Amino acid sequence: MTTLLRGGRVIDPSQKIDDVLDVLIEGGKIAATGRNLVDDGKGKRKDAGLTVIDVRGKLVVPGLIDIHTHLREPGFEYKETVESGCAAAVAGGFTSIACMPNTNPVNDNRSVTEFILRQAQKAGLARVYPIAAVSRGSEGKVLTEFGDLKEAGAAGFSDDGRPVMHSGLMKRALEYAHSLDMPVVSHCEDRQLSTGGLMNEGLASTELGMPGIPTIAEDIMVMRDILIAEYVGTSVHICHVSSAGAVRIIRQARERGVRVTAETAPQYLLLTDEALKGFDTNCKVNPPLRSAEDVAAVRAGLRDGTIEVIASDHAPHSAIEKEVEFEYAASGMVGLETSLGLCWKLVEEGVLTPSELIARMTAHPARVLRIPGGTLKKGADADVTVIDPKKAWTVDIRKFRSKSRNSPFDGWKLPAKAVLTIVGGEIKYSEL
């Protein structure tokens with residue numbers, strides 16, 4: 001099958017391309033990028049079997065990559081399955097997603113990793129990269145079999161949802177992962193400071209009378225993991241950065257050469273703890289929504305490259321877990337179908353250029369995960385996302401492909417949308 005994406009604005013940060021070009025796809029690979037690729041000079045197609053898709057006025061970018069999502073299967077299929085999560089992914093423009101291990105059973109062994117990959121293959125939508133647990137059962141006591149998990153198809157290690165509180169265990173995790181050239185994705189939270197908290201500790205929590213989670217609960221663990229990585233000479237990736245202190249610590253570490261990478265998520269760029277004044281449980285996330293000063297610092301960190309990845313932190317929960325008293329509600333919100341539109345607000349507000357945003361959702365997460373993708377180079381897998389930057393749309397949670405609806409952005413008007421998602425040369429989602 002040969003497909004030509006004709007006349008779009010191609011933005012490929014991996015090659016520093018930002019120009020109006022054609023993209024030719026053959027045999028599931030990028031065959032060429034350039035002008036008038038299959039034109040005979042008279043405006044006619046050379047190949048009668050060619051499928052031409054007119055994408056003029058739209059952006060053609062490498063397929064979006066989400067470094068941090070939760071697919072819930074096995075164990076919590078009523079919230080999400082691998083298939084429904086992948087359907088949500090391609091609808092949001094994502095061609096590759098990395099799924100966290102907090103399933104039931106926890107993805108801490110070969111059989112679970114292989115099961116997730118089989119389910120992804122059956123779904124035949126987005127590429128799925130399982131992140132295996134750092135410790136058995138994510139209990140923070142005994143390391144998993146890193147080599148065996150890599151051989152089974154794991155793309156990295158994390159106890160996301162739970163911090164690795166044992167510093168010695170984290171040190172060994174970084175050493176073993178480094179020897180395998182795999183990332184450790186660290187959920188930074190000092191439970192001795194956060195336990196019992198329901199929201200960010202600050203003026204809003206005081207006004208609401210709710211116990212708070214101080215930013216230092218995040219900052220301390222960010223500092224610890226960076227110091228461990230620096231000591232043993234490895235890298236570490238920090239999850240869902242939400243605090244000004246964490247941004248400052250990561251920036252200083254990068255300046256002295258520590259190999260630390262970091263991600264944040266749309267909710268930490270667009271919402272503050274003021275959103276909790278309506279007690280909307282969809283705004284209950286971990287780490288919690290922070291103050292306006294923290295949001296400004298995270299935005300600044302994203303702009304200057306301290307934070308180089310935007311993740312969806314897609315965390316589906318059913319009404320059973322969300323439509324309860326705030327204290328008992330689960331933490332997390334869905335994000336795969338809204339991330340791109342939400343993040344495009346940063347372009348409109350001048351925080352990022354289109355190329356900078358695309359880099360943080362394509363090439364950078366690919367580099368952190370050490371996976372293919374994030375590029376439109378000749379010979380690369382044809383994972384492509386076409387974005388309509390002028391397609392304003394309103395979030396309607398009833399139309400989500402995800403099984404869950406826990407989004408505080410229902411009814412928000414967003415400025416841009418993925419309208420075509422191609423994985424390995426095959427169209428997996430289209431609004432064209």
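## Strands first

Two strands count as paired if DSSP finds at least two bridges between them. What you're looking at is a predicted model, and in it strand β8 (residues 127-132) is joined to β9 by 2 bridges, with the two strands running parallel. Across that pairing, Ala132 stands opposite Phe157 in β9.

Zoom out and β9 turns out to belong to an open sheet of 4 strands, ordered β6-β7-β8-β9 and paired in parallel. The edges are β6 (64-69) and β9, each of which pairs on one side only. As a reminder, strands of a sheet pair through backbone hydrogen bonds, either parallel or antiparallel.

## The aromatic cluster

Phe157 is worth a second look. The structure holds 3 aromatic pairs. In one of them, the rings of Phe146 and Phe157 have centres 3.8 Å apart and planes at 5 degrees, so this pair is stacked. Phe146 sits in helix α3 (residues 146-152) and Phe157 in strand β9 (residues 156-157), so the stack ties together parts that are 11 residues apart in sequence.

How buried or exposed are the two rings' residues? Phe146 is buried, at a relative accessible area of 5%, and Phe157 is buried too, at 0%. Phe146 also has a second partner: its ring and that of Tyr176 have centres 6.4 Å apart and planes at 70 degrees, so that pair is edge-to-face. This contact links distant parts of the chain, with Phe146 in helix α3 and Tyr176 in helix α4 (residues 167-179), 30 residues apart. Tyr176 is partly exposed, with a relative accessible area of 46%. Put together, Phe146, Phe157 and Tyr176 form one aromatic cluster.

## Lysines over rings

Aromatic rings show up in another kind of contact as well, this time with charges. The charged end of Lys79 sits over the ring of Phe76, 5.1 Å from the ring centre. Over at Trp393, the ring has the charged end of Lys417 sitting over it, 5.0 Å from the centre.

## A greasy spot on the surface

Which residues make the nonpolar surface patch? Leu193, Ile216 and Ile220 do, and the patch covers about 220 Å². Leu193 has its place in helix α5 (residues 191-194). With a relative accessibility of 33%, Leu193 counts as partly exposed, because that label covers values between 20% and 50%. Residues in a patch need over 30% relative accessible area, so Leu193 at 33% clears that bar.

Conventions:
Residues are numbered from 1 along each chain as its sequence is written. This is a predicted model: local features need pLDDT of at least 70, side-chain atom pairs count only at pLDDT 80 or more; totals for chains, interfaces and linings use all residues. Side-chain values use heavy atoms; hydrogens and water are left out. Rings of Phe, Tyr and Trp (its six-membered ring) pair if their centres lie within 6.5 Å; planes under 30 degrees apart count as stacked, over 60 as edge-to-face and the rest as tilted. Buried means under 20% relative accessible area, exposed over 50%, partly exposed in between (1.4 Å probe, protein chains only). A charge sits over a ring if NZ of Lys or CZ of Arg is within 6 Å of the ring centre and within 35 degrees of the ring normal. Patches are made of residues with over 30% relative accessible area and no salt bridge: like charges are joined within 9 Å, nonpolar side chains (Val, Leu, Ile, Met, Phe, Trp, Tyr) within 5 Å. Accessible areas come from the Shrake-Rupley method with a 1.4 Å probe; for residues, only the protein chains shown count as cover. A salt bridge is a side-chain nitrogen of Lys or Arg within 4 Å of a carboxyl oxygen of Asp or Glu.
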